[in-house]
Amino acid sequence: MSKPTSGDFTKTAGWLDWYAGPSKPRFQLPPGSVDAHCHVFGPGGTFPYAPERKYTPCDASAEQLFALRDHLGFERNVIVQATCHGADNRALVDALHKAQGKARGVATVKRGVSDEELQALHAAGVRGVRFNFVKRLVDFTPRDELMEIASRIAPLGWHVVIYFEAVDLPELWEFFTRLPTTVVVDHMGRPDVSKPVDGPEFELFMKFMREHDNVWSKVSCPERLSVSGPPALNGEDNPYRDVVPFARKIVETFPDRVLWGTDWPHPNLKDHMPDDGLLVDFIPHIAPTAQLQQKLLVDNPMRLYWS
Ligand SMILES: O=C(O)/C=C(\CC(=O)C(=O)O)C(=O)O
């Protein structure tokens with residue numbers, strides 16, 4: 001694979017570039033597997049980063065993403081708009097066109113978006129919008145604006161992807177449970193995995209999914225959530241052990257409402273950059289049977305994004 005570049009932009013201090021030269025997974029992905037959470041960044045020279053961004057990444061182009069897809073053995077991608085591009089979805093749409101049907105997208109839109117713009121996004125392959133509540137990534141958007149957007153995209157059959165920290169779930173609960181669409185949670189609602197898996201914080205997340213059958217979860221990002229590791233590097237075949245009980249509990253309890261993604265190119269990691277091949281090898285630890293793997297990697301994402 002080619003190496004990361006940063007074009008005309010100066011990367012955020014301490015930025016870790018994505019891992020060039022990932023290993024080949026030992027885990028054999030089921031045919032038709034979908035990497036259901038990944039991003040494209042720029043390239044900044046063609047698709048400039050948004051003025052309101054909170055970080056400036058290294059470039060991560062569509063071509064580089066598709067090279068990783070093929071190397072790891074995925075068939076398709078779901079490309080999620082990252083906050084460094086704000087509500088400018090041009091890099092995402094360009095990647096969707098280049099994917100020739102092998103990618104779907106999740107966009108960010110503002111209240112003023114026109115019906116024509118929504119139709120054009122749909123034609124490009126967008127099937128959802130992302131509402132981000134992680135305070136280090138975005139400025140506050142009033143809830144009534146977000147609810148208005150949700151009601152505009154619901155008739156298109158789209159869903160809402162939500163990204164938030166576990167400690168904020170109580171405050172966001174009322175808003176989330178009013179959303180009129182399928183709701184997909186990024187990275188399991190970012191649990192604090194140093195707390196017990198059967199403790200009150202994670203139990204609230206389980207209750208959120210149990211009581212609302214329109215709520216799905218991505219069981220992604222162990223590299224972001226892990227506290228005690230070990231990292232997916234240097235051939236480690238049992239990485240991020242502390243995250244496994246959380247992800248596995250969700251997969252086994254709600255097998256028809258889970259998705260998995262690499263989160264490539266892993267923005268804002270501070271500690272290490274994982275080997276994406278070893279990240280794929282993490283999957284059987286959280287979805288231990290062939291049936292669970294088929295649902296997680298093929299059936300669920302195909303139902304949500306390609307039917
Ligand atoms: O890659 C992710 O999903 C998580 C991110 C970045 C992000 O969400 C964004 O920039 O939109 C994070 O926690 O920094």
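Start by selecting helix α6, residues 200–211: with three residues, this helix gives the largest share of the lining of the second largest cavity. Keep in mind along the way that the model on your screen is predicted.

**Stop 1: the cavity beside helix α6**

Now add A166, P191, E201, F202 and F205 to your selection, which lie nearest the centre of this second largest cavity. In total, 13 residues line the space, and its volume is about 80 Å³. Colour the lining by class and you should find nine nonpolar residues, one polar and three charged.

**Stop 2: the aromatic cluster**

Stay with F202 and F205 and show their rings. Both belong to one aromatic cluster, together with F131, F133, F164, W173, F175, F176, F208 and F246.

Which part of the chain does W173 come from, and which part F208? W173 sits in helix α5 (residues 169–176) and F208 in helix α6, 35 residues apart, so that the pair links distant parts of the chain. Their ring centres lie 5.4 Å apart with the planes at 50°, so this pair counts as tilted. Switch on a surface and check both: W173 is buried, with a relative accessible area of 19%, and F208 is buried too, at 0%.

Before leaving the cluster, select R143 along with F175. The charged end of R143 sits over the F175 ring, 5.9 Å from the ring centre.

**Stop 3: a stacked pair**

The whole structure holds 17 aromatic pairs. For another of them, select W15 and Y55, a stacked pair with 5.5 Å from centre to centre and 15° between the planes. Follow the chain from one to the other: W15 lies in the segment before β1 (34–38), while Y55 lies in the loop between β1 and α1 (62–72), 40 residues away. Are these two residues buried or exposed? W15 is buried, with a relative accessible area of 12%, and Y55 is also buried, at 6%.

**Stop 4: a charge over a tryptophan**

Next, pick R76 and W306. Here the charged end of R76 sits over the ring of W306, and the distance to the ring centre is 5.4 Å.

**Stop 5: the largest cavity**

Select H39, R130, L137, Y163 and P267 and centre the view on them. These five lie nearest the centre of the largest cavity, which has 15 lining residues. Its volume is about 110 Å³. What classes of residue make up the lining? There are five nonpolar, six polar and four charged residues. For comparison, go back to the cavity from the opening stop, whose lining has nine nonpolar, one polar and three charged residues. Across the model, the count is three cavities of 30 Å³ or more.

**Stop 6: the cysteines**

Finish by displaying the cysteine sulfurs. How many disulfides does the structure hold? The number is zero. Take C84: its nearest cysteine sulfur belongs to C58 and is 9.9 Å away, and C84 is in no disulfide. C84 is also buried, at 0% relative accessibility.

Then move to C221. Why does C221 form no bond with C38? The C38 sulfur is the closest cysteine sulfur, but at 12 Å it is too far from the sulfur of C221 for a bond. Like C84, C221 counts as buried, in its case at 1% relative accessibility.

Methods. Residues numbered from 1 in each chain as written. Predicted model: local features only at pLDDT ≥ 70, side-chain atom pairs only at ≥ 80, totals over all residues. Heavy atoms only, no water. 1 Å grid on protein atoms, 1.4 Å probe; cavity = no way out; pocket = protein on both sides within 12 Å on 5 of 7 lines; lining within 4 Å. Points joined across faces, edges and corners; volume = space filled by probe spheres on them. Nonpolar A, V, L, I, M, F, W, Y, C, P; charged D, E, K, R; others polar. Helix = DSSP H or I, 4+ residues; strand = E, 2+ residues; numbered from the N terminus. Phe/Tyr/Trp six-rings, centres within 6.5 Å; stacked < 30°, edge-to-face > 60°. Buried < 20%, exposed > 50% of the residue type's maximum accessible area, 1.4 Å probe, protein only. Lys NZ or Arg CZ within 6 Å of the ring centre and 35° of its normal. Disulfide = S-S within 2.5 Å.
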